[in-house]
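Colleague: I should like to learn how burial, contacts and confidence are read from a model. Please take the features one at a time, with the general idea before the case.

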Amino acid sequence: MKTWFTSLNGALALTALAWLSELWRTAIDAAQQFYMPASRDVTGLYALVYTVFLAWWAYALHTATRGSRGGLMTAFALNALFWLGIPIGTVFFYCTGPCAASAGIVFNTVNWLNLILGLLAGVALALVLWRKGAQAMAA
């Protein structure tokens with residue numbers, strides 16, 4: 001029995017929502033200069049790296065909507081990178097204690113939203129990839 005969650009469209013919709021929440025998170029980070037006392041050049045480099053990865057993720061989603069298994073695998077990998085690297089890293093390493101308390105409700109909400117959507121998107125993409133792999137093996 002196929003549900004919306006395990007369908008290709010559902011997985012891609014969840015991944016797009018995870019991408020949007022990461023974009024929102026990136027905007028907050030950029031407004032706070034990535035919580036680092038860095039020079040303008042370093043902050044610009046971080047912004048460029050974020051932009052490249054978010055554009056790559058958006059392109060992977062675009063190719064996945066056209067049936068590309070490589071696009072699905074790339075979307076899964078980038079979702080996992082952003083889900084594991086940023087929200088979990090923020091909770092445990094990057095912004096703990098007084099930083100989390102002073103970050104504010106918007107930042108903490110976006111971080112948890114990114115964490116939840118990234119997890120859901122990762123599970124949905126894994127199920128779609130597993131199902132497509134099983135179909136390819138049967139053919």
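Colleague: Is Thr 15 buried or exposed, and what decides the class?

Modeller: Buried means under 20% relative accessible area, exposed over 50% and partly exposed in between, with a 1.4 Å probe and protein chains only. Thr 15 counts as buried because its relative accessibility is 0%. This is a predicted model, in which local features need pLDDT of at least 70 and side-chain atom pairs count only at pLDDT 80 or more, while totals for chains, interfaces and linings use all residues. Residues are numbered from 1 along each chain as its sequence is written, and side-chain values use heavy atoms, with hydrogens and water left out.

Colleague: Where is Thr 15 found, and which residues does Thr 15 touch?

Modeller: Contact means heavy atoms within 4.5 Å. Helices are DSSP runs (H or I, at least four residues), numbered from the N terminus. Thr 15 lies in helix H1. Not counting residues up to four places away in sequence, Thr 15 touches Trp 57, Leu 61, Ala 75, Ala 121 and Leu 125.

Colleague: How should a nonpolar core be read, and which members of the largest one touch the most others?

Modeller: In soluble globular proteins, nonpolar side chains tend to be buried together. A nonpolar core is a set of buried Ala, Val, Leu, Ile, Met, Phe, Trp, Tyr and Cys residues joined through side-chain atoms within 4.5 Å. The largest here has 23 residues, and Leu 12, Trp 57, Leu 61, Leu 72, Ala 75, Phe 82 and Leu 125 touch the most other members. Helices H1 (8-31), H2 (40-65), H3 (69-94) and H5 (105-138) each give two or more residues to this core. Leu 72, not counting residues up to four places away in sequence, has contacts that include Leu 8, Ala 64, Val 128 and Lys 132.

Colleague: Why does Trp 24 count as partly exposed?

Modeller: Trp 24, in helix H1, counts as partly exposed because its relative accessibility is 41%.

Colleague: What is the confidence along the chain?

Modeller: pLDDT is the predictor's confidence in each residue, from 0 to 100. Where pLDDT is low, the predicted coordinates should not be read in detail. The chain has a mean pLDDT of 83, and 87% of its residues reach 70 or more. Confidence is lowest in helix H4 (residues 98-103), at a mean of 75, and highest in H1, at 88.
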